[in-house]
Amino acid sequence: MAKFPQRGPGGQPPSRRRRADAERPIPSPQSTTAWEAQAQWYDQRQGEAGDDFHSQLVLPAVLRQLAVQPGQTVLDCCCGNGVLGRHLASHEIRSIGIDAAPSLIEAARERAGALEEHRLGDAHRMLADQLVAPASCDAAALVLALQDLDPLDKVLRGCAHVVRPGGRLVIVLTHPCFHLPKAHHWGWDEEAGMMYRRLDGYALPRRIPIKTFPGRSSSASSSSYHRPLAMYLNALGAAGWGVIGSEELCSHRRGSRGRKSAAEDAAHREFPVFLLLTAQRLEPALPARQG
Ligand SMILES: C[S@@+](CC[C@H](N)C(=O)[O-])C[C@H]1O[C@@H](n2cnc3c(N)ncnc32)[C@H](O)[C@@H]1O
């Protein structure tokens, strides 16, 4: 399992004690309760069709890469309020959404049509809890969730277990090469008249505590995990997935219309926000570990 050193504010190395804390694996219930605390906020943000990033950028790309047909079934692992399931249903595609936050499952069920089913469960325990029948799905999606999960192993193996051989897994992440929470910054080069992206790290995996409501002193917090790209690719291979494609999604948003507007647009076109990986379930799947 990866070790996740924690970075302090401004990218400073943490004290020895904080580093020891950060390297302790996080039991999965912590991530599940953290999301429950922000369920209402997330449901409002995504609403029926998703925010502008979901509706304009992410969901169309996921649908394209899933390559599923009407009547087929997609596992939506970490489904949130079910926004992908609704998008799939509008194309006559069935889905089974799994999420650990009870309020988000409830919100998803309230909006669901006949083609959408939602189950409360932990993505790390899809196998152990038999949340979905083996090889019963034509494809799976993990949208903007894998960077919140640790370890990767059981989640990716769980997806391989429920997808039929040859079926796809589509993963969308905040781009690990350009987006490191608390360690990426936009800068302005006055001389060149250019926006630049500064990264204060990349190669070392790390766990980053995220406050749910940053302004509040008593806010709940969750964890996000930065991993270099190779860790994701290797974890997919080890779990029985072969990567067959990728898209790097650049923001559709445009500049502020101020003096730097053209430079902002150029930066939005140059630096992708999301990384999409498309993998195919290898046959035979690697033996799945229980747990
Ligand atoms: C950023 S949201 C993304 C939700 C959805 N995929 C979307 O695109 O809107 C991350 C989701 O992962 C879920 N999650 C976090 N840890 C989980 C776990 N261990 N098992 C299942 N779901 C989990 C959270 O409850 C939350 O709904």
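Which helix lies across strand 2 and strand 3? It is helix 6, made of residues 102-111, and it runs at about 165 degrees to strand 3. Let us use that helix as a way into the fold, keeping in mind that what you see is a predicted model.

Start with the whole protein. There are 9 helices and 11 strands to find as you turn the picture. Of the 291 residues, 37% count as buried. Now think about which parts of the chain touch each other. Taking the contacts with a separation of 6 or more, 67% are between residues 24 or more positions apart along the chain.

Next, look for the sheet. Strands of a sheet pair through backbone hydrogen bonds, and the pairing can be parallel or antiparallel. Here, 7 strands form an open sheet, and if you walk across it you meet them in the order 3-2-1-4-5-11-10, with mixed pairing. Strand 3 (116-120) and strand 10 (241-249) stand at the edges; each has a single partner strand, so one side of each is left without a neighbour in the sheet. As you step from one strand to the next, the twist averages 20 degrees.

Two pairs of neighbours show what "mixed" looks like. Strand 1 and strand 2 are joined by 5 bridges in the parallel sense. Within this pair, Asp76 stands opposite Gly97 of strand 2. Strand 2 is also mostly covered, as 5 of its 6 residues are buried. The other pair is strand 5 (residues 163-174) and strand 11 (residues 274-281), which run antiparallel and share 7 bridges. There you can find Arg168 facing Gln280 in strand 11.

Now compare strand 2 with strand 6, residues 184-189. How many of the 6 residues of strand 6 are buried? The count is 0, so this strand is hardly covered. Strand 6 pairs with strand 7 (residues 194-199) in the antiparallel sense, over 6 bridges. Together strand 6 and strand 7 form a hairpin with 4 residues between them, and in the turn Gly193 has a positive phi of about 65 degrees. Across the hairpin, Trp186 stands opposite Arg197 in strand 7.

Let us return to helix 6 and see what else it meets. Helix 3, residues 39-46, passes it with the two axes coming within 9 Å and crossing at roughly 35 degrees. The crossing is right-handed. On the helix 3 side, the contact is made by Ala39, Gln40, Tyr42 and Asp43, while helix 6 brings Ser103, Leu104 and Ala107. Sorted by class, this contact has 4 nonpolar, 2 polar and 1 charged residues.

Then there is the ligand. It has 22 residues around it, and Trp35, Cys78, Gly80, Ala100 and Ala123 come nearest. Helix 2 (28-37) and strand 2 (94-99) are the elements that give two or more residues to this shell. Which element gives the most? Helix 2 does, with 4 residues. By class, the shell is made up of 13 nonpolar, 6 polar and 3 charged residues.

One of those nearest residues deserves a second look. Cys78 lies in the loop between strand 1 (73-77) and helix 5 (83-89). Although Cys78 is not a glycine, it has a positive phi of about 65 degrees. Is Cys78 buried or exposed? It counts as buried, because it has 24 C-beta neighbours inside 10 Å and 20 or more are needed.

Ala135 makes a good partner for comparison. It too has a positive phi, of about 55 degrees, without being a glycine. You will find Ala135 in the loop between strand 3 and strand 4. With 15 other C-beta atoms within 10 Å, Ala135 is partly exposed.

Finally, visit one more loop, between strand 4 (137-143) and helix 7 (153-162), where Pro151 is found. The peptide bond that joins Asp150 and Pro151 is cis, with omega at about 0 degrees.

Methods:
Residues numbered from 1 in each chain as written. Predicted model: local features only at pLDDT ≥ 70, side-chain atom pairs only at ≥ 80, totals over all residues. Buried ≥ 20, exposed ≤ 12 C-beta atoms within 10 Å, placed from the backbone. Pairing = 2+ DSSP bridges. Near = placed C-beta within 6 Å. Nonpolar A, V, L, I, M, F, W, Y, C, P; charged D, E, K, R; others polar. Axes fitted to C-alpha atoms, helices over the stretch in contact; angles between N-to-C directions. Contact = placed C-beta atoms within 7 Å. Left-handed = near helix turned anticlockwise from the far one by under 90°.
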